Amino acid sequence: MNKGVGGGNGPTAAAAAAAAQKQKVLLQRVETDIANIVDNFTHLVNVSRVNDPPVRNSQESFMMEMRAARMVQAADSLLKLVSELKQTAIFSGFASLNDHVEQRIVEFNQQAEQTDRLLSRIGEEAATSLKELESHYYSSTQRTSQNILT
């Protein structure tokens, strides 16, 4: 029922544009997080080779820990994104439900107006028919002959 005034696209177009923008941002986040996980996993596998010098092994161990931490951060970001998507789905579900309810209200109001017009027309036709029947009754020969007999 909250409709825009005047010519313009109104709140529906603005909401659709905002939803499209949010979807684009969310898809970019998904792509970035997945790319980070894959990149860090690739580096983690490359660094995990065992070499002879102990100094090199400790450096590689540190690199593995760093890459694993980055993978965990990217996975955490994906989990937050999933949570945000769930919340969006819940709240957009309410918005679409409200839109559906408003649409049904409009439909029922139109049906009520049509029913009122139909009942009005039926009432007018009934009144016209009743007047016509009364006219025929009062001008009929049987009625006048009954009045003469009584």
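## Exercises on charged and aromatic pairs

The side chains of E107 and R104 form a salt bridge, with N and O 3.1 Å apart. The model is predicted.

**Exercise 1.** Where do E107 and R104 sit relative to each other in helix α2?

*Solution.*
Step 1. Take the sequence spacing: E107 and R104 are 3 residues apart in helix α2.
Step 2. Turn that into helix geometry: the spacing is about one helical turn.
Step 3. Check exposure. E107 is partly exposed, at 29% relative accessibility. R104 is partly exposed too, at 35%.

**Exercise 2.** Show that E125 and R121 meet the distance rule for a salt bridge, then place the pair.

*Solution.*
Step 1. Recall the cut-off: a side-chain nitrogen of Lys or Arg must lie within 4 Å of a carboxyl oxygen of Asp or Glu.
Step 2. Compare: for E125 and R121 the N to O distance is 3.6 Å, so the pair counts as a salt bridge.
Step 3. Place the partners. Both lie in helix α2, 4 residues apart. That is about one turn of the helix.
Step 4. Add exposure. E125 has a relative accessible area of 46% and is partly exposed. R121 is also partly exposed, with 46%.

**Exercise 3.** Which parts of the chain does the salt bridge between R29 and E84 tie together?

*Solution.*
Step 1. Start with the contact: the closest N and O atoms of R29 and E84 are 3.0 Å apart.
Step 2. Locate each partner. R29 lies in helix α1, residues 10–47. E84 lies in helix α2, residues 54–138.
Step 3. Conclude: the partners sit in two helices, so the bridge ties together parts that are 55 residues apart in sequence.
Step 4. Check exposure. R29 is partly exposed at 27% relative accessibility, and E84 is partly exposed at 25%.

**Exercise 4.** How many salt bridges does the count give, and which residues join into one network?

*Solution.*
Step 1. The count comes to 5 salt bridges. Among them is the bridge between R29 and E84.
Step 2. Look for shared partners: through them, K22, R29 and E84 join into one network.

**Exercise 5.** Classify the aromatic pair of Y137 and Y138.

*Solution.*
Step 1. The structure holds 1 aromatic pair. Its members are Y137 and Y138, with ring centres 5.3 Å apart.
Step 2. Read the angle: the planes are 65 degrees apart.
Step 3. Apply the cut-off: planes over 60 degrees apart count as edge-to-face, so this pair is edge-to-face.
Step 4. Check exposure: Y137 has a relative accessible area of 48% and is partly exposed.

How values were computed:
Residues numbered from 1 in each chain as written. Predicted model: local features only at pLDDT ≥ 70, side-chain atom pairs only at ≥ 80, totals over all residues. Heavy atoms only, no water. Phe/Tyr/Trp six-rings, centres within 6.5 Å; stacked < 30°, edge-to-face > 60°. Buried < 20%, exposed > 50% of the residue type's maximum accessible area, 1.4 Å probe, protein only.
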